[in-house]
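Subject: Structure for you to look at

Dear colleague,

I am handing over a structure that I would like you to open and look through at your own pace. My notes on what was found in it follow below.

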Amino acid sequence: VRPAVLPPPPPPPRAGTRFPGWTVTKAYSAHHMMVVEVETDLPDTARQIAAQVVEPLKDRYEEVLIYVRKPDTPHDDLPARRVQWTRRGGYVETVY
């Protein structure tokens with residue numbers, strides 16, 4: 001019996017990738033960490049957005065930071081929310 005071959009994991013999100021209700025504006029990674037910036041009209045959904053980003057990537061990264069902004073927010077303004085995911089601590093949401 002041959003062992004089942006799992007499909008490769010999905011690639012990390014890229015800038016410009018659109019999902020229902022939100023869009024990736026920046027995404028970069030280094031040293032087992034990923035940062036993803038997204039825009040949405042519904043920053044209250046930051047935790048749900050974070051899960052959509054993190055769940056397929058859990059085995060690749062030790063930490064993922066998701067910064068959530070409303071569209072047209074100046075880049076030097078604080079994001080509306082940040083969700084941090086780590087293997088040890090799970091999801092932690094910060095509201096600014």
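Which residue in E5 is the bridge partner of Glu-63? Please keep in mind, as you look for it, that this is a predicted model. The partner of Glu-63 is Thr-86, and this pair belongs to a longer arrangement, since strands E4 and E5 run antiparallel and are joined by six bridges.

On the strands around E5, E5 is also joined by six bridges to strand E6, which covers residues 90–95, and these two strands again run antiparallel. Within that pairing, Gln-84 stands opposite Val-92 in E6, and the two strands form a hairpin in which three residues lie between E5 and E6. E5 is mostly covered, with five of its six residues buried.

Turning to the interior, the largest nonpolar core has 17 residues, and those touching the most other members are Trp-22, Met-34, Val-36, Val-38, Val-53, Val-64 and Ile-66. At least two residues of this core come from each of strand E2 (22–30), strand E3 (33–39), helix H1 (46–54), strand E4 (63–69) and strand E5 (81–86), while the largest share, five residues, is supplied by H1.

Val-38 is a good residue to select on screen: leaving aside residues up to four places away in sequence, Val-38 touches Trp-22, Thr-23, Val-24, Thr-25, Ile-49, Ile-66, Tyr-67, Val-68 and Arg-69.

With best wishes

Notes:
Residues numbered from 1 in each chain as written. Predicted model: local features only at pLDDT ≥ 70, side-chain atom pairs only at ≥ 80, totals over all residues. Heavy atoms only, no water. Core = buried A, V, L, I, M, F, W, Y, C linked by side-chain atoms within 4.5 Å. Buried < 20%, exposed > 50% of the residue type's maximum accessible area, 1.4 Å probe, protein only. Helix = DSSP H or I, 4+ residues; strand = E, 2+ residues; numbered from the N terminus. Contact = heavy atoms within 4.5 Å. Pairing = 2+ DSSP bridges.
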